[in-house]
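Reader: I'd love a close look at one spot in this model, followed by a walk through what surrounds it. Please give me the cut-offs along the way, as I like to know what each word stands for.

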Amino acid sequence: MTIMATTPGARGSGRNWTFLTNHGHVLLAIARNPTARLRDVADEVGVTERAAQAIVADLEAGGYLRRTRVGRRNEYTVNPAGHFRHPAEADQQVGALLALFTAEPLREPVAES
């Protein structure tokens, strides 16, 4: 299970929060591994499997991903052209966020001997 950073609250109590919602985290986890089991996605995000199922259903209904049955498993296709839902970012596509978090790091060229 993922551990979140604790930020001191106004009264000294610890509050856990992140910049991305669970929906964002699930979408990123699926973008990184389109054949992941929901159990693994839930564990990575830090939610229950049932919550991950509900989030995937929301993302599918919103057009952010498509689920395809392959044998006994699901395979997901993310739609990077989907727009953010909040009015402040509605003109931006989620593909830019996905690219930021899923891009392979650049590798240094191997020097030839």
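Where is the place of Gln 93, and which two elements does its loop lie between?

Author: Happy to help! Gln 93 sits in the loop that runs between β4 (73-78) and α4 (94-102). Before we go on, a word on the ground rules: this is a predicted model, where local features need pLDDT of at least 70 and side-chain atom pairs count only at pLDDT 80 or more, while totals for chains, interfaces and linings use all residues. Residues are numbered from 1 along each chain as its sequence is written, and side-chain values use heavy atoms, with hydrogens and water left out.

Back to the loop. Gln 93 is partly exposed, at a relative accessible area of 39%; buried means under 20%, exposed over 50%, and partly exposed in between, with a 1.4 Å probe and protein chains only. If we set aside residues up to four places away in sequence, Gln 93 touches Pro 80, Ala 81, Gly 82, His 83 and Phe 84, where contact means heavy atoms within 4.5 Å. One of these partners, Pro 80, is 13 residues from Gln 93 in sequence, yet their C-alpha atoms are 6.6 Å apart in space.

Now for the wider picture. The protein has 4 helices and 4 strands, and from the N terminus on its elements run β-β-α-α-α-β-β-α. Helices (H or I, at least four residues) and strands (E, at least two) are DSSP runs, numbered from the N terminus. Of the 113 residues, 21% count as buried. Among contacts between residues at least 6 apart in sequence, 37% join residues at least 24 apart.

Both elements that flank our loop turn up again around helix α1. The buried residues of α1 are Gly 24, Val 26, Leu 27, Leu 28, Ala 29 and Ile 30, and they pack against α2, α3, β3 (65-70), β4 and α4. Ile 30 makes a good example: at 1% relative accessibility, it counts as buried. Outside its neighbours within four places in sequence, Ile 30 is in contact with Val 41, Val 56, Leu 65, Tyr 76 and Val 78. Tyr 76 lies 46 residues from Ile 30 along the chain, but the two C-alpha atoms are separated by 7.0 Å.

Helix α1 (residues 22-32) also packs on helix α3 (residues 49-61), at an angle of about 80 degrees and with axes 10 Å apart. Axes here are lines fitted to C-alpha atoms, for helices over the stretch in contact, and angles run from 0 to 180 degrees between N-to-C directions. The two helices are therefore roughly perpendicular, on a scale where under 35 degrees is roughly parallel, over 145 roughly antiparallel, 65 to 115 roughly perpendicular and the rest oblique. On the α1 side the contact is made by Asn 22, His 23, Val 26, Leu 27 and Ile 30, and on the α3 side by Ile 55, Val 56, Asp 58 and Leu 59. These residues divide into 6 nonpolar, 2 polar and 1 charged; Ala, Val, Leu, Ile, Met, Phe, Trp, Tyr, Cys and Pro count as nonpolar, Asp, Glu, Lys and Arg as charged, and the others, Gly among them, as polar.

You may also want the charged pairs. With a salt bridge taken as a side-chain nitrogen of Lys or Arg within 4 Å of a carboxyl oxygen of Asp or Glu, the count comes to 4. Among them is Glu 49 with Arg 39, whose closest N and O atoms are 3.8 Å apart. That pair links distant parts of the chain, with Glu 49 in helix α3 and Arg 39 in helix α2 (residues 38-45), 10 residues apart. Glu 49 is partly exposed at 33%, and Arg 39 is partly exposed at 49%. Another bridge joins Asp 40 and Arg 37 at 3.0 Å. Glu 60 and Arg 67 meet in a salt bridge at 2.5 Å, N to O; Glu 60 is partly exposed at 28%, as is Arg 67 at 32%.

Finally, the rings: the whole structure holds 1 aromatic pair. The ring centres of Trp 17 and Phe 19 are 5.0 Å apart with planes at 75 degrees, so the pair is edge-to-face. Rings of Phe, Tyr and Trp (its six-membered ring) pair if their centres lie within 6.5 Å, and planes under 30 degrees apart count as stacked, over 60 as edge-to-face and the rest as tilted. Trp 17 is partly exposed at 41%, whereas Phe 19 counts as exposed at 78%.
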